[in-house]
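Student: I should like to take a close look at a single part of this protein, namely its open sheet. Could you please describe that part carefully and then connect it with its surroundings?

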Amino acid sequence: MSDSNVTQESIEKLSQAYREIRTQMSKVIVGQEQVIDHLLIAMFSRGHCLLEGVPGLAKTLMISTLARCLSMSFHRIQFTPDLMPADITGTDVIQENKQTGHREFRFIQGPLFHNVILADEINRTPPKTQASLLEAMQERQVTVGQTRHQLNDPFFVLATQNPIEQEGTYPLPEAQQDRFMFKVFVVYPNFDEERRIAKQTTGIHVEDIQPVLSGEEIMELQRIVRQVPITDHVVDYALALVRQTRIGEPGVPNFINEWLSWGAGPRAVQMLILGGKARALLQGRTHVSTEDIAELAMPVLRHRIVTNFAAQSEGITSDKVVERLVKETPSKEGELTSDPRLKQIFAA
């Protein structure tokens, strides 16, 4: 694919949308620049995002504010232990046809039939309801009875979960976590940010958020992202990062075999490349670099690799594994292809 597919006008259109959304969100959200960047990269890449953080870090506010920046329908679903699949997908009801007198089924749409979905505290609902999101997130449709119903496009799921309360929760299975493009950690603000939060949120002034993009404009920007060219070297770098997480394979580093019980699948490569394309455009470039891939390795891989008991007993998290993996994987083309260990990765 040539550079001519992505024009300077396209880059400016995406960059302007990015700047305007950041400006609108900064009226309400203090700090959290990296989290907002990851949300926007996921949205422009047509992916979904999982946010994890302790209570009170504005995860829900961040997502609802982003939805207000978009001229699209938004719905918040509060996940609870008694939530049933039909509560979010919709259900068939029997209705009498007044003209014929016959009774017939009529589908009542659930909250998934909106453009932006906030799945709040997704780990508080049972697996049966969690699983009902799988088809919606992957296929952009839901099946009720024997009928498939197409969801609105664009469709963007933003889920939150609390990592500190584990009683009465249902951890997301790996298969469902894999549907999320990014898993993003929301951290505490620094001192200056928390001071601004304290002053900004205890007065009477309410900021007015202006919509920036429509659904049609977002779909156009998503198409532009996919047109960004990428070299074989950058693709190989993404492949090297992901394939090195698969224990027992030729060329895998020793620390991976020691610390992991499961590695990332092909979807991780897809998400790295798509995210790299979006990040490159947001920075005004028409090509993807290995730096783009490395910067997104953490949110893409942290929920797609599983640490074993030995790693957990040593305090080794998935983030530490990814950090070391990026550090030990050469990014320069000559070094990547000539490394004896990585040659086994590419030959496997």
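Tutor: What follows describes the open sheet and then the parts around it.

The model is a predicted one, and every value below is computed from it. The open sheet is built of five strands in the order 3-6-9-1-10, with parallel pairing. Strand 3 (74–78) and strand 10 (182–185) stand at the edges; each has a single partner strand, so one side of each is left without a neighbour in the sheet. On average, neighbouring strands of this sheet are turned by 20° against each other, direction ignored.

Consider one pairing within the sheet in detail. Strand 1 (residues 49–52) pairs with strand 9 (residues 156–161) in the parallel sense, over four bridges. Leu51 has Thr160 of strand 9 as its bridge partner. Helix 2 (residues 33–44) packs on the sheet and touches strand 1, strand 9 and strand 10. The direction of helix 2 makes about 165° with that of strand 10.

The loops that lead into these strands also deserve attention. As a general guide, most residues other than glycine have a negative phi, and most peptide bonds are trans. Two places beside the sheet strands may be read with that guide in mind. Arg46 belongs to the loop between helix 2 and strand 1. The phi of Arg46 is positive, about 65°, although this residue is not a glycine. With 35% relative accessibility, Arg46 counts as partly exposed. The second place is Pro154, in the loop between strand 8 and strand 9. Here the peptide bond from Asp153 to Pro154 is cis, with omega near 5°.

Strand 6 (116–120) also belongs to the sheet order, and a loop lies between this strand and helix 5 (127–139). Asn123 has its place in that loop. Is Asn123 buried or exposed? Its relative accessibility is 6%, and Asn123 therefore counts as buried, the cut-off being under 20%. Leaving out residues up to four places away in sequence, Asn123 touches Gln130, Gln161, Asn162, Thr169 and Tyr170. Of these, Gln161 lies in strand 9, and Gln130 lies in helix 5.

Beyond helix 5, the chain reaches strand 7 by way of a loop that holds Arg140. Arg140 has a positive phi of about 55° although it is not a glycine. At 9% relative accessibility, Arg140 counts as buried. Strand 7 (residues 141–144) and strand 8 (residues 147–150) run antiparallel and are joined by four bridges. Val142 stands opposite His149 in strand 8. The hairpin of these two strands has two residues between them, and in it Gly145 takes a positive phi near 70°.

The nonpolar residues may now be set beside this picture. The largest nonpolar core has 80 residues, and Ile21, Phe44, Leu66, Leu70, Phe182 and Leu213 touch the most other members. Helix 11 (residues 266–282) gives the most to this core, with nine residues. Among the residues just named, Phe182 lies in the edge strand 10, and Phe44 lies in helix 2. Ile21 touches Leu40, Met43, Leu66, Cys69, Leu70, Val212 and Leu213, when residues up to four places away in sequence are not counted. Leu40 and Met43 are part of helix 2. Another core, of 22 residues, lies apart from the largest one. Its members include Phe113, Leu133, Val142 and Phe180. Val142 is the residue already met opposite His149.

Two rings complete the account of the second core's surroundings. A pair of aromatic rings is described by the distance of the centres and the angle of the planes. Phe107 and Phe113 form an edge-to-face pair, at 5.7 Å centre to centre and 65° between the planes. Phe107, at 18% relative accessibility, counts as buried, and so does Phe113, at 6%.

Finally, the edge strand 10 carries one further feature. The charged end of Arg302 sits over the ring of Phe185, 4.2 Å from its centre. Phe185 belongs to strand 10, which leaves one side without a neighbour in the sheet.

Terms used
Residues are numbered from 1 along each chain as its sequence is written. This is a predicted model: local features need pLDDT of at least 70, side-chain atom pairs count only at pLDDT 80 or more; totals for chains, interfaces and linings use all residues. Side-chain values use heavy atoms; hydrogens and water are left out. A nonpolar core is a set of buried Ala, Val, Leu, Ile, Met, Phe, Trp, Tyr and Cys residues joined through side-chain atoms within 4.5 Å. Buried means under 20% relative accessible area, exposed over 50%, partly exposed in between (1.4 Å probe, protein chains only). Contact means heavy atoms within 4.5 Å. Two strands pair if DSSP finds at least two bridges between them. Axes are lines fitted to C-alpha atoms, for helices over the stretch in contact, and angles run from 0 to 180 degrees between N-to-C directions. Rings of Phe, Tyr and Trp (its six-membered ring) pair if their centres lie within 6.5 Å; planes under 30 degrees apart count as stacked, over 60 as edge-to-face and the rest as tilted. A charge sits over a ring if NZ of Lys or CZ of Arg is within 6 Å of the ring centre and within 35 degrees of the ring normal.
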